[in-house]
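Q: Please take one part of this model and walk me through it closely, starting from a single residue and working outwards.

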Amino acid sequence: MAAFNPWIAARALLQMRVRKRPFVLSHGINSRCNLRCPFCEYWRKPGPEMTTDAIFAMLDDAKSFGIGVYNAWTAEPLLRPDLPAILRHARSLGMVTSLITNGLLLSERVGDLSDLDLLSVSVDGIDSYRDIRGVSVEPVLAGIRAARDAGHAVLMNCVISRKNLSELADLVGLAGDLGAQISFEPLHEAPGVEGRVWDDYGIGEEDLPAYRRSVDRLMELKKGGGPIINSLTYLRMVRERKPNNSCHAPEIVLSVSSDGTVQTCRVHKEPLGHVSQGLARVWESSKKRREEIVRNCEGCLFFGYVENSLLFDFRPEVLAHYRWI
């Protein structure tokens with residue numbers, strides 16, 4: 001679990017509440033992946049990737065802009081040979097470093113992560129993992145063990161789908177056995193993926209009773225001290241499959257794609273500018289458009305967006321229980 005750091009919390013409040021700027025830079029560090037998960041849209045759109053020097057320049061600019069957390073993700077960060085240098089540069093600027101990976105290369109590259117603070121690994125099933133992602137889960141679990149042995153705090157991310165409803169409680173137990181934390185979020189049906197995929201992975205009306213029983217069980221495990229980082233407030237939204245929060249995602253997270261395009265968020269992906277224009281300039285010039293998008297959005301259940309929006313609004317139960325960035 002990421003420990004509460006009052007200094008980082010103070011910086012975040014100053015940045016978001018006083019300066020009115022995001023605190024987290026979420027960087028889609030490349031457009032390549034070593035998996036072909038049917039429900040994922042990111043590997044389907046290979047394209048240009050920022051050079052190491054361009055990323056360094058963006059991080060320098062992000063430091064001046066007030067960013068306190070650098071999160072590298074999608075499509076698969078461990079495919080970049082220069083990842084250690086990027087993490088080292090971010091940390092040298094005083095940023096908390098975070099990484100989201102599918103974990104297949106984790107055993108091989110765990111020695112390159114000495115400048116990483118927060119490690120998230122996608123684990124959506126045990127017996128169902130091969131059906132969901134097309135490969136065995138064993139190399140991923142071996143990678144998590146190697147990371148834990150190296151002293152890393154590990155968060156297992158699980159996307160809830162039709163295929164893994166019967167294994168959610170087992171995944172909580174697995175996380176405990178591995179000395180990891182675990183988070184859950186429902187599958188987001190991205191428009192860039194063909195509809196027939198959602199017939200296989202999506203939660204239909206006939207699945208709702210099993211789905212709600214599974215989420216109810218997660219809430220019981222959470223109350224019983226299970227290693228689930230999600231707040232009960234968020235899990236109740238997941239159970240009802242309906243957001244019930246004010247969205248502050250664009251105020252908290254600055255999203256940058258692999259080619260340096262600044263985007264609104266993971267849901268809308270509307271280009272707001274490019275990092276080469278300067279983050280402060282892009283941020284100020286896009287203010288009106290960002291407000292329009294949030295105002296007209298029906299909401300999502302991406303746990304990072306919802307949980308951090310609830311934190312932004314000082315929801316007591318979330319402040320007490322949610323511990324990851």
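**The loop before helix 3 and what surrounds it**

A: T74 is found in the loop between strand 2 and helix 3, where helices (H or I, at least four residues) and strands (E, at least two) are DSSP runs, numbered from the N terminus. Before going on, a word on the basis: this is a predicted model, in which local features need pLDDT of at least 70, side-chain atom pairs count only at pLDDT 80 or more, and totals for chains, interfaces and linings use all residues. Residues are numbered from 1 along each chain as its sequence is written, and side-chain values use heavy atoms, with hydrogens and water left out.

Two backbone features meet at T74. Its phi is near 35°, a positive value in a residue other than glycine, and the peptide bond from T74 to A75 is cis, with omega near -5°. Most residues other than glycine have a negative phi, and most peptide bonds are trans. A75 lies in the loop between strand 2 and helix 3 as well. T74 counts as buried because its relative accessibility is 10%; buried means under 20% relative accessible area, exposed over 50%, and partly exposed in between, with a 1.4 Å probe and protein chains only.

Now follow the chain into helix 3 (residues 83-92), whose buried residues are L83, P84, I86, L87, H89 and A90. They pack against helix 2, strand 2 (69-73), strand 3 and helix 4 (106-109), with contact taken as heavy atoms within 4.5 Å. After helix 3 comes G94, which has a positive phi near 90°.

Strand 3 (residues 96-101) is the place of I100. This residue touches N71, A72, W73, P77, S120 and N157, leaving aside residues up to four places away in sequence. I100 counts as partly exposed because its relative accessible area is 26%. From C-alpha to C-alpha, I100 and V121 are 5.9 Å apart in space, although 21 residues separate them in sequence.

V121 also leads to the interior, as one of the residues that M156 touches; the others include I144, L171 and I182. M156 is among the residues with the most contacts inside the largest nonpolar core, which has 106 residues; L25, L59, Y70, I144 and F184 are also named there. Such a core is a set of buried Ala, Val, Leu, Ile, Met, Phe, Trp, Tyr and Cys residues joined through side-chain atoms within 4.5 Å.

Stepping back, strands 2 and 3 are neighbours in an open sheet of 9 strands, in the order 6-5-4-3-2-1-7-8-9 with mixed pairing; two strands pair if DSSP finds at least two bridges between them. Strand 6 (181-186) and strand 9 (271-274) stand at the edges with a single partner each, so one side of each is left without a neighbour in the sheet.

The positive phi of T74 has a counterpart in K20, a residue other than glycine with phi near 60°. K20 sits in the loop between helix 1 and strand 1 (24-28), and counts as exposed because its relative accessibility is 56%.
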